[in-house]
Amino acid sequence: MTLPVSKSIAPDEGSYNFAYLDEQTKRMIRRAILKGIAIPGYQVPFASREMPMPYGWGTGGVQVTAAILGADDTLKVIDQGSDDTTNAVAIRGFFEKTAGVATTTSTEDASIIQTRHRIPEMALNSNQILVFQVPIPEPLRFLEPRETETRKMHALEEYGLMHVKLYEDIAKNGHIATTYAYPVEVNGRYVMDPSPTPKFDNPKIDNMEALQLYGAGREKRIYAIPPYTKVKSLDFDDYPFEVQSFDKPCGLCNAEGVYLDEVILDDKGGRMFVCSDSDHCEERRANGHLGPMAADPAATLLSGGTQEKGQ
Amino acid sequence: MYVAVKGGEKAIRNAHKLLAKRRRGDTSVPSLTVDQIAEQLALSVARVMCEGSLYDEGLAALAIKQARGDLIEAAFLIRAYRTTLPRFGYSETLDTAKMLIERRISATYKDLPGGQLLGPTFDYSHRLLDFAMAAENEGALDAVESETPLNEGMPRVTDLLSDEGLMEADPLPEASDAVGDLTREPLSFPADRDLRLQNLARGDEGFLLSLAYSSQRGYARTHPFTGEIRYGEVEVEFFAEELGFNVKLGAIKVTECQMVNQFSGSAKSPPKFTRGYGLVFGQVERKAMAMSMVDRALRWEELGEEQTAPVQDTEFVLSHSDNIQATGFVEHLKLPHYVDFQAELDLVRRMRAEWFAARDQQDPYAQTDLETGKEAAE
Amino acid sequence: MNTEAINPSAANSAARLAAGFADPVHDAQNCFRKVMQAMARPGTLQTFEPGLTDLPAPLTAMGAAVALTLLDYDTPVWLDPALAKSPDAVSFLRFHTGAPIVDVPVEAAFALVSEPERLTGLGNFPQGTPDYPDQSATLVLMNQTFGKGASLKLKGPGIKDVARFSTSPVPTTFWDQVQANNAQFPRGVDVIFTGEAQIAALPRSTQLTRPEA
């Protein structure tokens with residue numbers, strides 16, 4: 001006897017588990033996180049699930065956040081340093097909907113910060129957890145596409161290829177041509193990809209007080225840097241690692257020593273440099289710091305978050 | 001307006017409203033029903049079930065409707081839904097020899113026990129647009145002579161060859177070997193055939209088609225003959241621990257393709273044909289064939305062949321076959337990347353300034369405006 | 001099979017089965033966060049209420065909480081002889097976690113140890129491979145009293161400068177084994193210590209110095 005294949009669709013039950021993932025999946029991810037913490041910088045394979053957002057859009061970070069998140073957490077989500085970029089908004093909305101947790105744009109108030117491409121300017125504390133979205137977790141991938149090979153290289157601590165690549169950059173360009181996802185060595189052992197944050201942020205991950213968790217959904221890897229861990233950006237004696245510096249302060253809040261976005265104002269070369277960390281910038285302006293372009297009409301447009309948010 | 005900086009929340013809300021409107025299209029045209037899609041776009045439904053890795057015609061049809069006909073997007077909806085379903089265990093092995101057959105062809109024999117059964121196929125149709133179909137009412141269809149599916153005496157062609165000793169034994173895993181599941185354990189390499197087949201069954205039809213085609217054009221030639229393609233209904237059974245016997249869960253439609261390929265043999269064993277295997281949900285024949293050719297090509301090592309072509313490269317093939325992964329990563333380039341781009345801008349400006357400075361040192365008469373990096377002569 | 005969906009009273013009418021977490025989702029999340037903090041900050045004590053009562057001896061509330069948080073049918077678990085001998089403890093773990101119970105340490109992803117002073121050598125558990133150092137065991141030691149026993153100095157990831165740690169009981173050669181475990185980093189096991197209301201952990205990355213004898 002064969003049963004007819006039903007074409008009837010049960011109405012959506014509309015109730016997912018807290019933070020979307022089922023408990024078995026959370027346990028699997030939690031175990032991977034513990035292994036990652038125990039072996040700093042080592043990429044732990046995990047059975048990444050299909051998420052209701054595309055691979056490449058933060059599914060790794062979302063799974064890590066979902067696995068650690070509790071009802072009393074306060075979540076902040078940033079993309080490009082800003083809480084209001086499209087993907088940050090989408091991910092924050094996902095957790096508001098599926099976990100009902102409190103969310104914030106304030107770095108200080110957040111217990112978990114999920115990020116893509118930036119680390120907040122404010123130093124994080126030991127009660128905070130920073131979750132990175134990672135596209136390609138393997139720092140050696142662009143030198144050797146095969147996982148079978150790169151895995152061996154990590155096992156043997158064979159990182160010569162990476163040094164050769166960086167040195168070839170110097171020979172060819174006079175600079176190391178890696179400006180983001182700049183490779184680091186964790187605790188003197190594993191070479192690790194800090195995710196595509198600009199290398200400006202690399203010094204922040206060294207000896208950070210907060211726990212750092214990295215999730216790569218499509219590539220199915222989780223890794224971690226425990227607090228107070230030595231993280232060194234790869235360099236050479238004659239070419240020491242250095243970060244990008246900006247010759248002007250933030251046009252809106254006058255901050256120096258922060259990462260700035262270049263905003264094109266017109267087609268006549270008009271430009272403005274403003275903080276990439278939107279919360280940092282708003283905080284400073286609220287405290288009375290004003291940059292040289294704070295009064296410019298363009299500034300109203302750029303800092304118009306308050307205007308939009310009010311609606 | 002693409003709002004990367006501020007007002008993201010509002011922009012997303014608006015985009016969703018606009019998408020809903022465009023999906024519905026002109027409201028003077030009746031809305032598609034899910035049943036219409038399931039019945040009349042059955043091959044799209046089958047592809048979405050395959051690549052979405054979930055057998056449910058109704059849900060696949062709904063996904064196609066929601067995805068505005070974008071089949072990869074539809075498969076993605078199905079995958080995301082699939083992850084939330086509870087798992088009760090693994091079904092018993094399907095027995096395709098007991099298939100209720102709707103179509104069965106073999107290219108290796110003129111006739112064979114059970115006969116050839118063309119079934120519903122485009123194969124010998126003339127690809128002429130049928131303008132009659134553009135009419136609102138298509139009119140009555142011609143009666144079909146015999147529509148009863150066959151399920152008697154249809155031995156698989158590969159079994160006939162095996163009986164004569166001409167076909168390699170079906171390399172079944174030991175009963176004690178657990179069959180891998182790449183949805184539960186991340187894929188690692190080398191990957192055994194169970195994982196390879198699972199990966200290919202979920203893989204993108206277009207990717208597998210191109211790889212299979214490349215193998216026909218000399219990039220790892222495997223000399224395939226279509227031993228058999230069969231399409232029909234098979235029962236799915238589940239061993240219920242608490243009852244102690246198999247329970248029938250229902251029936252699904254699958255296409256199975258067995259390719260018969262050139263030989264293996266050695267001093268120890270006589271020459272034999274080798275197999276390539278494809279099995280997919282629904283009538284997705286092109287993919288079942290491509291899958292069986294790629295499967296065969298990936299077996300080069302076990303059969304003592306040389307690796308010469310992309311289709312034989314397990315890590316390359318399996319790492320890039322999944323269109324949900326591929327589309328996500330390709331499309332993620334739409335997300336704002338301006339922070340990293342800023343870092344690149346800064347470096348390229350510095351490198352250009354140094355380049356011009358170095359040139360000016362060599363040739364003091366060259367004029368360069370260092371501010372813009374533009375040469376004065378331009 | 002999904003054991004979470006089955007009602008304990010219906011599933012086990014013969015022996016009384018102690019209840020699991022009152023709130024499986026949030027109790028497990030809370031316990032996990034404590035374990036994660038313990039692992040990320042080696043030697044620190046994380047305090048919380050495990051939320052389990054009336055457990056079959058020799059299972060402790062804190063040990064059981066960690067087990068319910070981390071174990072399931074994907075994690076083979078080894079029970080020390082005292083636990084393995086207790087049918088009630090075994091059926092509690094089987095029912096609430098579904099984890100396959102293995103007879104030999106070398107097959108275990110987790111080990112539950114109720115009599116830590118009798119623990120077999122750490123080297124008997126899976127240590128991971130150079131390619132996959134994560135394929136190693138995590139040991140959960142129960143009945144720990146923190147602040148008792150040898151005072152150890154800890155260094156390494158998760159530790160600002162130096163941390164102090166002491167716990168008891170452990171076997172006499174245990175700290176030598178922990179040092180040897182760290183020496184083979186990145187391979188090695190990780191250890192979670194559970195007391196009554198506190199837990200601590202020593203991942204393989206922690207270097208340990210013992211006081212001069």
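Q: How many bridges join β11(A) to strand β12 of chain A?
A: This is a predicted model, in which local features need pLDDT of at least 70, side-chain atom pairs count only at pLDDT 80 or more, and totals for chains, interfaces and linings use all residues. Side-chain values use heavy atoms, leaving out hydrogens and water; residues are numbered from 1 along each chain as its sequence is written, and chains are lettered from A and ligands numbered from 1 in the order in which they are written. Two strands pair if DSSP finds at least two bridges between them. Strand β11(A) runs antiparallel to β12(A) (residues 271-275), and the number of bridges joining them is 5.

Q: Which residue in β12(A) stands opposite Val263(A)?
A: The strands β11(A) and β12(A) form a hairpin with 6 residues between them, and Gly269(A) in the turn has a positive phi of about 90 degrees. Across this pair of strands, the residue that Val263(A) faces is Met272(A).

Q: How many of the 5 residues of strand β11 of chain A are buried?
A: A residue is buried under 20% relative accessible area, exposed over 50% and partly exposed in between (1.4 Å probe, protein chains only). Strand β11(A), a DSSP run (E, at least two residues, as helices are runs of H or I with at least four, all numbered from the N terminus), spans residues 260-264 and is largely enclosed by the rest of the structure, because the number of its residues that are buried is 4.

Q: With which residue does Glu262(A) form a salt bridge?
A: Such a bridge needs a side-chain nitrogen of Lys or Arg within 4 Å of a carboxyl oxygen of Asp or Glu, and here the closest N and O atoms are 2.9 Å apart. The pair crosses between chains, from strand β11 of chain A to helix α12 (residues 338-362) of chain B. Glu262(A) is buried at 14% relative accessible area, whereas its partner is partly exposed at 37%, that partner being Arg349(B).

Q: How many residues apart are Arg189(A) and Glu157(A)?
A: Their side chains meet in a salt bridge with an N to O distance of 3.6 Å. Arg189(A) is buried at 9% relative accessible area, while Glu157(A) is partly exposed at 41%. Arg189(A) lies in the loop between β6 (184-186) and β7 (190-192) of chain A and Glu157(A) in the loop between α4 (147-155) and α5 (160-173) of that chain, so the pair links distant parts of the chain, and the residues that separate them in number are 32.

Q: Which residue in helix α5 of chain B is paired with Asp322(B)?
A: Asp322(B) stands in the loop between α10 (314-320) and α11 (323-331) of chain B, 243 residues apart from its partner. Both members of the pair are buried. Their side chains meet in a salt bridge of 3.0 Å, N to O, and the partner is Arg79(B).

Q: Which strands are at the edges of the open sheet in chain B?
A: This sheet has 4 strands in the order β1-β2-β3-β4 (chain B), with antiparallel pairing. Since each edge strand pairs on one side only, the edges are held by β1(B) and β4(B) (272-281).

Q: Which residue with a positive phi follows α5(C)?
A: Helix α5(C) covers residues 87-97, and 8 of its 11 residues are buried, so it is largely enclosed by the rest of the structure. Among these buried residues are Phe92(C), Phe95(C) and His96(C). After the helix comes a residue whose phi is near 75 degrees, namely Gly98(C).
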